Amino acid sequence: MIKEVDSDKIRKHFQRSWYRKFTWLEWDASKQAAFCHLSRVITEQNMKLTNSTEPTFTTEGYSKNWKKAKERIAKHGHSSSHREAVTKFAHLVRGTNVASMMNIQKDKDRQIATDCLRHIFTPAIFLGKQGLAFRRNPDEEGNFVQLLQLRAAENPSLMSWLNKYRSYTSHQVQNEVLDLRIASLYFVRCESKQFL
Ligand SMILES: [Zn+2]
């Protein structure tokens, strides 16, 4: 006998496919809730955000109203507090704080997520600093995808993470990383101003 699929029930749960749309999304199995990995890391680091943070995606986790979840997650992605967290995360991974940042993360999956996101962000920062083109048509031949493929070829855990959760050739992911490249250019400018 074929078991009937309750489509309404499916809609009420966290969907793994959302990882492909939202690169920063993470699922905390112990809390049974969704978080924004970047905003959560920045909050755990006690780094101040000038825009108010959203406890839903940083400390509490999103665990209710799954029917509206996708909409709500997208809203967080467009919030000023999230954009600031993205910028601060980029700044953080450029420094030497990554090891200490990862040490405070007890969950192994979260450590892997931070490490893999760092591998995604650093090629973007490099391209920004060198003033090199980010994309090309077809996407697979673009600098960003090529650099990331090189890194993944040398890093089996990055390769399996990308295959499992993200599609770094998707425009969604590339748009987010392009935002990051703009953020990194901003930091380059700020840093050089300090020495004027
Ligand atoms: Zn966020």
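This briefing walks through the fold, the confidence, the hairpin, the core and a few individual residues of the structure above. The model is a predicted one, with a mean pLDDT of 73 for the protein. Its secondary structure comes to eleven helices and two strands. Of the 196 residues, 32% are buried.

**Overall fold**

- Going along the sequence, you will meet the elements in the order α-α-β-β-α-α-α-α-α-α-α-α-α.
- If you take the contacts with a separation of 6 or more, 64% of them are between residues 24 or more positions apart.

**Where the model is confident**

- A pLDDT of 70 or more is reached by 67% of the residues.
- Helix α5, covering residues 69–78, has the highest confidence, at a mean of 92.
- Helix α1, covering residues 7–11, has the lowest, at a mean of 46.
- At the start of the chain, residues 1–8 stay under 50 in pLDDT, and the model gives this stretch one contact beyond four places in sequence.
- Towards the other end, residues 186–196 also stay under 50, and here the model has two contacts beyond four places in sequence.

**The β hairpin**

- Strand β1 (residues 25–28) and strand β2 run antiparallel and are joined by four bridges.
- You can follow the pairing through two positions: Leu25 stands opposite Cys36 in β2, and Asp28 stands opposite Ala33 in β2.
- Together β1 and β2 make a hairpin, with four residues between the strands.
- Gln32 sits in the loop between β1 and β2 and has a positive phi of about 50°, although it is not a glycine.
- Gln32 counts as exposed because it has 10 C-beta neighbours inside 10 Å.

**The largest nonpolar core**

- In soluble globular proteins, nonpolar side chains tend to be buried together.
- The largest nonpolar core here has 32 residues, and the members that touch the most others are Leu25, Cys36, Leu38, Phe89, Cys116 and Phe121.
- Two or more residues come from each of β2 (33–36), α3 (37–44), α6 (80–94), α8 (108–130), α9 (143–153) and α10 (156–164).
- Helix α8 gives the most to this core, with eight residues.
- Two of the well-connected core members, Leu25 and Cys36, are also the residues that stand opposite each other in the hairpin.

**Helix α3 and its surroundings**

- Helix α3 is mostly covered, with seven of its eight residues buried.
- Those buried residues are His37, Leu38, Ser39, Arg40, Val41, Ile42 and Thr43, so polar and charged names are on the list along with the nonpolar ones; Leu38 is also among the core members that touch the most others.
- Val41 lies in α3 and counts as buried because 27 C-beta neighbours fall inside 10 Å.
- The C-alpha atom of Val41 is 10.0 Å from that of Leu92, which is 51 residues away along the chain.
- Glu44 also lies in α3, but Glu44 is partly exposed, because 14 other C-beta atoms are within 10 Å.
- Between the C-alpha atoms of Glu44 and Thr59, 15 residues apart along the chain, the separation is 8.6 Å.
- After α3 comes Asn46, which has a positive phi, near 55°.

**Another loop residue to look at**

- Asn65 is placed in the loop between α4 (55–60) and α5.
- Like Gln32, Asn65 is not a glycine but has a positive phi of about 50°.
- Asn65 counts as exposed because it has 10 C-beta neighbours inside 10 Å.

Note on methods. Residues numbered from 1 in each chain as written. Predicted model: local features only at pLDDT ≥ 70, side-chain atom pairs only at ≥ 80, totals over all residues. Core = buried A, V, L, I, M, F, W, Y, C linked by C-beta atoms within 7 Å. Buried ≥ 20, exposed ≤ 12 C-beta atoms within 10 Å, placed from the backbone. Contact = placed C-beta atoms within 7 Å. Pairing = 2+ DSSP bridges. pLDDT = per-residue confidence, 0-100.
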